Amino acid sequence: MAITPNAPTGLNVELTPTTANIRWKAPTNGASLTGYEISYAEGASPGTTWLPTERLSTRFFVKGLQRGTQYTWQVRGVNGAGAGETSSAVTERTPIASLDNALFFKECVNALNNGERVSEHGNPSNIIRTVADNNYKTYSTVKDYTLNIAVNEKPTRVDAVFVKCKGVTRHSGTPSGGDGTGWTNVNLPSTVKNWEGTDISTTVLGFQHHLYLLPAHFTATSVRVQFEGTHVEIYEMMLLEFGISIDANGDFTEINTDFVDREGVIHPDPGGGIVYDSPIGADERDKWEIDYVVQVVPGTTILQTPEEFLYWRSENRNHVHAMEPSRFPWRVFPSTFVRKRVPVRYRTDDKLGGELINFRVAEQ
């Protein structure tokens with residue numbers, strides 16, 4: 001008599017903002033298998049809908065998830081006798097973006113480049129006017145700030161915070177005048193692990209760099225930001241609204257609908273790559289320029305026409321670019337689209353493959 005499989009074990013779910021890579025160990029009671037079924041649902045409770053994998057592999061890939069959303073996962077084996085026992089449930093939240101990706105943000109406020117919007121907490125007359133200049137020679141020793149981020153007296157959305165500093169052990173943020181909560185006692189990591197599994201130091205040239213992606217966004221008209229540590233020096237502090245992420249293969253993995261409300265493909269320009277500007281400043285600190293190409297295929301990609309991209313670029317000219325922050329933690333900088341003309345070419349003679357649009361991002 002055929003028996004159903006016992007429960008798979010070791011369920012592991014690796015999440016990107018919109019995908020899940022699921023692995024598990026096969027049942028061990030000797031039952032035959034014809035395949036597996038996956039169940040996942042938003043929230044902390046298991047779902048009731050089962051998706052067949054239609055194969056015997058103990059690995060499955062799911063697309064189309066929502067960023068910043070909690071999901072609960074289960075798996076079970078099936079055979080001719082029916083569905084087997086269900087694995088233990090795993091509940092995880094998708095990130096707003098992956099530190100493995102190139103990221104684009106809207107800049108809510110750059111604390112040390114816009115002094116009139118930043119003051120010492122409890123002393124609004126003490127305006128912080130330190131500027132993060134090209135060589136990062138200037139800094140603030142204040143540990144407690146109030147950042148005013150209202151736009152036309154309305155709350156601004158915040159998805160991430162970036163800090164360039166020295167002597168900081170951790171930081172916290174408390175928003176007011178909006179919805180949601182901030183972040184509490186976030187330790188500055190000494191290293192980050194890139195997509196190859198290598199530990200990369202977050203301290204470069206003596207500066208600490210920390211891009212922290214909030215588990216959930218908040219809105220606020222002002223944010224109190226506090227730092228802990230000895231001999232604290234704050235060189236740059238940015239509150240950011242998430243825009244676009246690009247994975248290591250050069251594909252769009254997530255797009256904030258405030259930026260562009262479609263899915264698409266982007267990849268490094270085969271003829272461009274990373275291009276350096278001439279060194280600037282007394283210490284010849286490099287500024288970076290990076291070339292990209294957008295593929296435009298009507299009906300399938302982020303853009304329908306090249307003109308639509310030109311409009312989008314003009315609306316989002318100034319932003320913050322993080323170039324694979326798990327590989328280059330220090331390459332998080334205010335930037336702009338610098339090409340005035342966008343070359344367009346067809347991928348194929350019959351024009352069925354779509355068009356390519358080149359653009360360049362440069363550090364300000």
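How many aromatic pairs does a search of the whole structure find? I ran that search on this predicted model, and 10 aromatic pairs came back.

**Entry 1: an aromatic pair.** I picked out Tyr 145 and Phe 227, which pair edge-to-face, with 6.0 Å centre to centre and 90° between the planes. I then checked where the two rings come from: Tyr 145 belongs to strand 12 and Phe 227 to strand 20, 82 residues apart, so the pair links distant parts of the chain. Both residues are buried. I also noted one aromatic cluster, formed by Tyr 40, Tyr 71 and Trp 73.

**Entry 2: the core.** Tyr 145 turned up again in the largest nonpolar core, which has 29 residues. I found Tyr 145 listed with Leu 147, Trp 183, Ile 234 and Leu 239 as the residues with the most contacts inside this core. Among the elements that give it two or more residues are strand 12 (144–148), strand 20 (222–228) and strand 21 (233–246). I looked up Ile 234 next: beyond its sequence neighbours up to four places away, Ile 234 touches residues including Tyr 145, Phe 227 and Lys 164.

**Entry 3: charges over a ring.** Lys 164 led me to Phe 207, since I wanted to see its ring face. Lys 164 lies over that face at 5.0 Å from the ring centre, and Lys 166 lies over the face of Phe 207 too, at 4.8 Å.

**Entry 4: a loop residue.** Last, I visited Val 338, in the loop between strand 27 (332–337) and strand 28 (344–346). Val 338 counts as partly exposed because its relative accessibility is 35%. Outside its neighbours within four places in sequence, Val 338 is in contact with Arg 360 and Ala 362. I also noted 9.1 Å between the C-alpha atoms of Val 338 and Glu 289, 49 residues apart along the chain.

Methods:
Residues are numbered from 1 along each chain as its sequence is written. This is a predicted model: local features need pLDDT of at least 70, side-chain atom pairs count only at pLDDT 80 or more; totals for chains, interfaces and linings use all residues. Side-chain values use heavy atoms; hydrogens and water are left out. Helices (H or I, at least four residues) and strands (E, at least two) are DSSP runs, numbered from the N terminus. Buried means under 20% relative accessible area, exposed over 50%, partly exposed in between (1.4 Å probe, protein chains only). Contact means heavy atoms within 4.5 Å. A nonpolar core is a set of buried Ala, Val, Leu, Ile, Met, Phe, Trp, Tyr and Cys residues joined through side-chain atoms within 4.5 Å. Rings of Phe, Tyr and Trp (its six-membered ring) pair if their centres lie within 6.5 Å; planes under 30 degrees apart count as stacked, over 60 as edge-to-face and the rest as tilted. A charge sits over a ring if NZ of Lys or CZ of Arg is within 6 Å of the ring centre and within 35 degrees of the ring normal.
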